Amino acid sequence: MSLEKAVVVATRGLPKAIEVRMSELFRTSLNKDDSPFSREQLIEAVQTADVLVPTVTDNIDAALLKQAGPQLKMIANFGVGVNHIDLEEARARGILVTNTPGVLTEDTADMTMALLLSVTRRLAEGERLVRSGEWNGWAPTTMLGARLWGKRLGIIGMGRIGQAVARRAKGFGIAVHYHNRNQISEEIEQELDATYWDDLDQMLGHMDLVSVNTPLTASTHHILNAERLALLQPHCFVINTSRGEVIDEEALADILAAGKLAGAALDVYEKEPEVNPKLIDLNNVVLLPHLGSATVEGRVQMGERVIINIKSFVDGHRPPDRIFEAML
Ligand code: DGY
């Protein structure tokens, strides 16, 4: 594929500097008003683009890819999670898939800590109280939260983001525990003072805080299901900045409503942008609109990685962030 001829279709509005650079480098079709693509628009995109640049809001499933024209050679995802793309179908059709790892690690870890603080110290609730005009002033026994210092945090998924959360948690005086497919290196375990649990069920029952930081795959779907949520101690808080589907949201809402869990702080949901109404009704739940990577710096760097991946590909090189090799 030659550089001049590459047709790149971006499904969402991207940071200005990224749109400008992409338009300079490729024959780029931008989404000027940023409304999410309809199914029809996605079909048109896969039938015309050499390179599709989707985001987490696009469902790039097998049925869609089966309608792709032979010119579609690459899906350069704007984002690290690729659970919205049918990777097997893409691979079978010879379509290369890339993502944007690394550049949103620190922002997502910051957001995890923000949620951890928010739910344990009741920040969102306190803010609502002040704005309601019903705050009566300081009192020794009102709006008491839970201290973070000395607590035990169980991180599910100790990849880049999990480790960045652990680094921050250590600074807050929190003891780091983790469950991961593979135990991390002894050197990093020592740096983070992290304790490995091979058995997730065992770990859950011993934690004060649990943060899910694993990508969504077939094996992590509902990794916190009703049975596992029931293992948590009633004073435990659950934080999720990964993907909604890693937790059984209905079971989480029920267990919170039953008072069997201290609280939850969520940035992601099973059916975004829908949020389970049971969660909205609960005071001890902090709800954010998928903001994990939402910094100006992060989104520009994500765009830069998308451009590097596309440019490497159209120049005949191997893009750095290929998913298939990463999966092996
Ligand atoms: C990511 O990069 O996966 C973010 O969640 C946005 O999609």
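This is a short talk about the domains, one sheet and some salt bridges of a single protein chain.

Okay, hi everyone. Before anything else, please keep in mind that what you see above is a predicted model.

Let's start with the big picture. The chain is split into two domains. Domain 1 takes in residues 7-103 plus 295-327, and domain 2 covers 105-287. If you take the centres of the two over their C-alpha atoms, they sit 31 Å apart.

So how do they touch? On the domain 1 side, 8 residues are in contact, and they meet 5 residues of domain 2. About 580 Å² of area is buried between the two domains, and carbon and sulfur atoms give 43% of that. What about charges across that interface? How many salt bridges does the rule find there? The count between domain 1 and domain 2 is 0. There are polar contacts, though: 3 residue pairs across the interface of domain 1 and domain 2.

Now for the sheet. It's an open one with 7 strands, and the pairing is parallel. If you want to trace it on the screen, the order goes E8-E7-E6-E9-E10-E11-E12. Which strands stand at the edges? They are E8, residues 195-196, and E12, residues 285-287. Each of these has a single partner strand, so one of its sides has no neighbour in the sheet.

Let's zoom in on the E8 end. The partner there is E7, residues 175-179, and the two pair in the parallel sense over 2 bridges. If you'd like a spot to look for, find histidine 177, which stands opposite threonine 195 in E8.

Right, on to salt bridges. A quick reminder of the idea: side chains of opposite charge can pair when their charged atoms come close. In this model the count comes to 18. I'll walk you through three pairs and then a small network.

The first pair stays inside one helix. Glutamate 127 bridges to arginine 131, with the closest N and O atoms 2.9 Å apart. Both residues are in helix H6, which runs over 123-132, and they're 4 residues apart, or about one turn of the helix. Are they buried or exposed? Glutamate 127 is partly exposed at 42% relative accessible area, while arginine 131 counts as exposed at 67%.

The second pair is lysine 170 with aspartate 193, where the closest N and O atoms are 3.8 Å apart. Lysine 170 belongs to helix H7 (160-171), and aspartate 193 is in the loop between helix H8 (186-192) and E8, so this bridge ties together parts 23 residues apart in sequence. Lysine 170 is partly exposed, at 36%, and aspartate 193 is exposed, at 52%.

The third pair is glutamate 250 and lysine 278, and here the closest N and O atoms are 2.5 Å apart. This one links two helices: glutamate 250 is in H11 (249-257) and lysine 278 is in H12 (277-280), so parts 28 residues apart in sequence are tied together. Both ends count as partly exposed, with glutamate 250 at 37% and lysine 278 at 35%.

Last, the network. Which residues are in it? Lys66, Glu89 and Arg93 are linked by salt bridges.

That's my tour, thanks for listening!

Conventions:
Residues numbered from 1 in each chain as written. Predicted model: local features only at pLDDT ≥ 70, side-chain atom pairs only at ≥ 80, totals over all residues. Heavy atoms only, no water. Pairing = 2+ DSSP bridges. Salt bridge = Lys/Arg side-chain N within 4 Å of Asp/Glu carboxyl O. Buried < 20%, exposed > 50% of the residue type's maximum accessible area, 1.4 Å probe, protein only. Domains from an automatic or database assignment. Contact = heavy atoms within 4.5 Å. Buried area = accessible area lost by both parts, 1.4 Å probe. Polar contact = N/O pair within 3.5 Å; in protein donor to acceptor, adjacent residues only side chain to side chain.
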